[in-house]
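Colleague: Please take a close look at a single part of this model for me, after a few words on the chain around it. I work at the bench, so please give the cut-off behind each term as you use it.

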Amino acid sequence: MMGKEKILLVGVLCAAMMCHPNTCMDVTAAELPVIKEEDAVDDRPDYAVYVNRALNCVTVKLQNEDGTLTPVKAMLCSCGRQGSSTPEGTFRTSNYYEWRRMVDDTFGRYAVRFNGKILFHSVPYIEDSPDTLKWEEYNRLGESASLGCVRLAAEDAKWIYENCKPGTQVVVYSDEEEAGELGKPTVEKIDADSPYRLWDPTDDCDENPWLGGDGILAVPFTGTVEEFDYVAYADRYADLREVFGYDKEALYEHYVTCGMDEGRIAQAIEPLGETEE
């Protein structure tokens, strides 16, 4: 009988716990996962990205504490072509991918989603490798060419990927009169006969033949402060951007006093021509 009594007692205890589940389910605070507030803080600046799909230009604006916006960077882009227009509206960035396969089986680099299937990303590559650029599409930057996404040169796509934190506001609009406060940039076309045509000229990858090695000349900048492309200089060097931000005079002073001697690049890199016989 003792065995049956034990079984009955166990049954009674189980029924009691089912009726009063908190009896044996208390969890102390020490057992709960602790989420530290500082772990969730993203201290990157707050930006807003404005995409003028009519003129294929992107303007990045810094959101100041007083609620005003300061334009800091303009980018040439390719929005959706006819029949695949980039949707207008206000959105927020979400997912980030270093490489992302596109619907046409090409690959976008530094892809940032901001509206469903619509992303910022580089000009397409044939494979997920930086030496497989579809250079003809690079030459179409500044005109509508995509299936709805916003294509950018590699350096600009990377800038958004690295500097615009999740939740960054994106405004897509149409204005055929004004590209944006900073105007519409231009881009040097890739020659069909260039041996480097499968690389994005703006890609800061060490292996990029446009940026160093045989056949490349880094031309020192010798112009005035008014001619100095301080935005490009700051964007190229994160250490300078951290110290000087986008202070034109300070960046120019740095370049002429020490940047040039350090071999820093302050303007475009030009391929050397062949040596004449």
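Modeller: Of the contacts (heavy atoms within 4.5 Å) in the protein chain with a separation of 6 or more, 61% are accounted for by residues 24 or more positions apart. This is a predicted model, in which local features need pLDDT of at least 70 and side-chain atom pairs count only at pLDDT 80 or more, while totals for chains, interfaces and linings use all residues. Residues are numbered from 1 along each chain as its sequence is written, and side-chain values use heavy atoms, with hydrogens and water left out.

The protein chain has 6 helices and 11 strands, taken as DSSP runs numbered from the N terminus (helices H or I, at least four residues; strands E, at least two). Of its 277 residues, 38% count as buried, that is, under 20% relative accessible area, with exposed over 50% and partly exposed in between (1.4 Å probe, protein chains only). The chain exposes about 16600 Å², of which carbon and sulfur atoms supply 52%, by the Shrake-Rupley method with a 1.4 Å probe.

The part to look at closely is the second largest pocket, which has a volume of about 300 Å³. On a 1 Å grid over the protein atoms alone, a pocket is an open set of points where a 1.4 Å probe fits, with protein on both sides within 12 Å along at least five of seven lines, and lining residues have an atom within 4 Å of a point. The volume is the space filled by probe spheres set on the points, which are joined across faces, edges and corners.

Lining this pocket are 17 residues, and M102, V103, K117, L119 and C149 lie nearest its centre. Strand 5 (96–101) and strand 7 (118–122) each supply at least two residues of the lining, and the largest share, 3 residues, comes from strand 7. By class, the lining has 7 nonpolar, 4 polar and 6 charged residues, where Ala, Val, Leu, Ile, Met, Phe, Trp, Tyr, Cys and Pro count as nonpolar, Asp, Glu, Lys and Arg as charged, and the others, Gly among them, as polar.

Beyond the pocket, helix 3 (residues 154–163) is largely enclosed by the rest of the structure, because 7 of its 10 residues are buried, among them W159 and I160.
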